[in-house]
Amino acid sequence: MTDGIDPKYFRKVMGQVPTCVTVVTAMVDDQPQAMVIGSFVSVSLDPPLAGFFCTTTSSTWQQLRKAEVLGVNVLGDHQIDVSNACMRAPDERFDGLDWTLDGGAPRFADTSAWIRMTPHQVLDAGDHEFALCNVVGMEAPEEPKEPVIFYGGAYRSLSDPED
Ligand SMILES: Cc1cc2nc3c(=O)[nH]c(=O)nc-3n(C[C@H](O)[C@H](O)[C@H](O)COP(=O)(O)O)c2cc1C
């Protein structure tokens, strides 16, 4: 335990919270944009809302927030390469990846889920902003694909052997 909140310790403790790995995408000024997001969350069923947190210093978030349609690509455990690709320089993130436009947003092939959203509200959240969005379309494969999980600073699979 610490009394104050030390940033390093904050990261260490929060690293114990497993998160999803998604890539949020959009077309902005005819250019595809992508950002790896672990904070994607389902918010409300009626009305259908979901959202994600972005650091205010992200240049890609400054692009995504201009978009009329956003795509959420929930990555399967076979798609760590897609996450790594989307951590490259912003204009190289789609290089070599299999994607199409779906309702105006870039959609990667073979994801474990796809969610299409329109912006609803941007809320202050400290050094992040929360993008609250309307869910306008969604799809998951009939046969579920195992997701990739981010935990303890590393990608993990639910089918990892116990260690
Ligand atoms: C697994 C994983 C999850 C991430 N989740 C978030 C997130 O929820 N919010 C965020 O702002 N950045 C998150 N990041 C970091 C951003 O993807 C990365 O810093 C961003 O692309 C850099 O911003 P830029 O494109 O403006 O350079 C995550 C990175 C990884 C690898």
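Which residue takes a positive phi in the hairpin of strand 11 and strand 12? Keep that question in mind; point 3 comes back to it.

1. A word on confidence to begin. This is a predicted model, and the chain has an average pLDDT of 96, with 96% of the residues scoring at least 70. If you go through the elements of the chain, helix 1 (residues 7-14) has the lowest mean pLDDT, at 94, while strand 6 has the highest, at 99.

2. Now try the open sheet of three strands, whose order is 1-11-12 with antiparallel pairing. Its edge strands are strand 1 (19-20) and strand 12 (154-157), each of which pairs on one side only. Strand 1 is joined to strand 11 (residues 148-151) by two bridges, and strand 11 pairs with strand 12 over four bridges. Phe-150 is a handy residue to follow here: in strand 11 it stands opposite Thr-19, and its bridge partner in strand 12 is Tyr-155.

3. Back to the opening question. The residue is Gly-152, with a positive phi near 60°, in a hairpin that has two residues between strand 11 and strand 12. You can find another such case in the hairpin of strand 7 and strand 8: two residues sit between those strands, and Gly-103 takes a positive phi near 60°.

4. Stay with that second hairpin for a moment. Strand 7 (residues 99-102) and strand 8 run antiparallel and are joined by four bridges. Thr-100 lies in strand 7, and its bridge partner in strand 8 is Arg-107. Is Thr-100 buried or exposed? Thr-100 counts as exposed because it has 8 C-beta neighbours inside 10 Å. Thr-100 and Asp-124 are 24 residues apart along the chain, and their C-alpha atoms are separated by 32 Å.

5. Next, look inside. The largest nonpolar core has 29 residues, and those with the most contacts inside it include Val-23, Val-24, Met-35 and Leu-64. Among the elements that each supply at least two residues of this core are strand 2 (22-28), strand 3 (31-37), helix 2 (59-64) and strand 9 (113-125). Leu-64 is a good place to see how distant parts of the sequence meet: leaving aside its neighbours within four places in sequence, Leu-64 is in contact with Val-24, Ala-26, Gln-33, Met-35 and Leu-70.

6. Then there is the ligand. It is surrounded by 16 residues, and the closest are Val-36, Gly-38, Ser-39, Ser-58 and Thr-60. Strand 3, strand 5 and helix 2 each supply at least two residues of this shell, and strand 5 gives the most, with four. What does the shell contain by class? The shell has 10 nonpolar and six polar residues, but no charged ones.

7. Two aspartates deserve a look at their backbone angles. Asp-29 lies in the loop between strand 2 and strand 3, and its phi is near 50°, a positive value in a residue other than glycine. Asp-30 lies in the loop between strand 2 and strand 3 too, with a positive phi near 65°. Asp-29 is exposed because 8 other C-beta atoms lie within 10 Å; Asp-30 counts as exposed because it has 5 C-beta neighbours inside 10 Å.

8. One last backbone detail: the peptide bond from Asp-46 to Pro-47 is cis, with omega near 5°. To find it, go to the loop between strand 4 (41-44) and strand 5, where Pro-47 sits.

Notes. Residues are numbered from 1 along each chain as its sequence is written. This is a predicted model: local features need pLDDT of at least 70, side-chain atom pairs count only at pLDDT 80 or more; totals for chains, interfaces and linings use all residues. A nonpolar core is a set of buried Ala, Val, Leu, Ile, Met, Phe, Trp, Tyr and Cys residues joined through C-beta atoms within 7 Å. A residue is buried if 20 or more other C-beta atoms lie within 10 Å of its own, exposed if 12 or fewer, and partly exposed in between; C-beta atoms are placed from the backbone. Two residues are in contact if their C-beta atoms, placed from the backbone, lie within 7 Å. Two strands pair if DSSP finds at least two bridges between them. A residue is near a molecule or strand if its C-beta atom, placed from the backbone, lies within 6 Å of it. Ala, Val, Leu, Ile, Met, Phe, Trp, Tyr, Cys and Pro count as nonpolar, Asp, Glu, Lys and Arg as charged, and the others, Gly among them, as polar. pLDDT is the predictor's confidence in each residue, from 0 to 100.
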